[in-house]
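This report describes the nonpolar surface, the interior packing and selected elements of one protein model.

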Amino acid sequence: MTSTSTRDETMTVAEAAIHATLGGTLDQLNTVIHPEATNREAVTEPPGTRGRGPQAYHATGEWLREAFSDLIWTTDQSITEGDLVVTYGTMSGRHTGNFVVWTEDAEVERVFVPTGKTFNVRQAHFQRIRDGLVIEHWAVRDDQGMAIQAGWIPPSLAFLIRCARATKKVRRAAR
């Protein structure tokens, strides 16, 4: 947090960054994401998300929206300590497209085919603010809870076969 930003302004920027990533435009992200911002969570996301700045955050949002519709973020509490904002809340949505998980080497690890099921999970987002913009992000998410609610686990044999076929197809397309 810079000396010119108040705690409320810093929390507002952090909140706006989450919403803009999930459903906003690149122009909206340009107003809240620093040009050198990094998203530590991008290590299991598509290669386009692994850069810096608003474009990488926008790529994260596009990746999520390809897999999940009706994405909603609801904040329960935000805490500011120096330049760090922790935002705790709930992410909900519906699994309506392929969810592609990537390796650190930017290879397709696996694909979860759409189930049409909804999820509602708790998350905490940690964002550093510099010059009134998000410069760094990382999160703690309930991925297991999401997987259970989305119908990925326990998997049926038919679901596993559909996922294996989709993974093979997406791997070929990614080459």
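In this predicted model, Leu-157, Leu-160 and Ile-161 make up a nonpolar patch on the surface, with a combined accessible area of about 290 Å². Leu-160 lies in helix H5, which covers residues 157–174. The relative accessible area of Leu-160 is 44%, so this residue counts as partly exposed.

The interior holds a largest nonpolar core of 27 residues, in which Phe-68, Phe-99 and Trp-152 have the most contacts. Among the elements that give two or more residues to this core are H1, helix H3 (54–67), strand S2 (68–81), strand S4 (99–102) and H5. A second, separate core has twelve residues, including Ala-20, Ala-37, Val-85 and Val-134.

Apart from neighbours within four places in sequence, Phe-99 is in contact with Trp-63, Leu-64, Ala-67, Phe-68, Arg-110, Val-111, Phe-112 and Trp-152.

Helix H1 spans residues 7–23 and contains 17 residues; the distance from its first C-alpha to its last is 25 Å, close to the expected 24 Å. Its buried residues include Thr-10, Val-13, Ala-14, Ala-17 and Ile-18.

Thr-25 is located in the loop between H1 and helix H2 (26–30). Setting aside neighbours within four places in sequence, Thr-25 is in contact with Ala-20 and His-58. Thr-25 and Met-91 are separated by 66 residues in sequence and by 19 Å in space, C-alpha to C-alpha.

The table lists two partly exposed residues.

| Residue | Relative accessible area |
|---|---|
| Leu-160 | 44% |
| Thr-25 | 41% |

How values were computed:
Residues are numbered from 1 along each chain as its sequence is written. This is a predicted model: local features need pLDDT of at least 70, side-chain atom pairs count only at pLDDT 80 or more; totals for chains, interfaces and linings use all residues. Side-chain values use heavy atoms; hydrogens and water are left out. Helices (H or I, at least four residues) and strands (E, at least two) are DSSP runs, numbered from the N terminus. The expected span of a helix is 1.5 Å times one less than its number of residues. Buried means under 20% relative accessible area, exposed over 50%, partly exposed in between (1.4 Å probe, protein chains only). Patches are made of residues with over 30% relative accessible area and no salt bridge: like charges are joined within 9 Å, nonpolar side chains (Val, Leu, Ile, Met, Phe, Trp, Tyr) within 5 Å. Accessible areas come from the Shrake-Rupley method with a 1.4 Å probe; for residues, only the protein chains shown count as cover. A salt bridge is a side-chain nitrogen of Lys or Arg within 4 Å of a carboxyl oxygen of Asp or Glu. A nonpolar core is a set of buried Ala, Val, Leu, Ile, Met, Phe, Trp, Tyr and Cys residues joined through side-chain atoms within 4.5 Å. Contact means heavy atoms within 4.5 Å.
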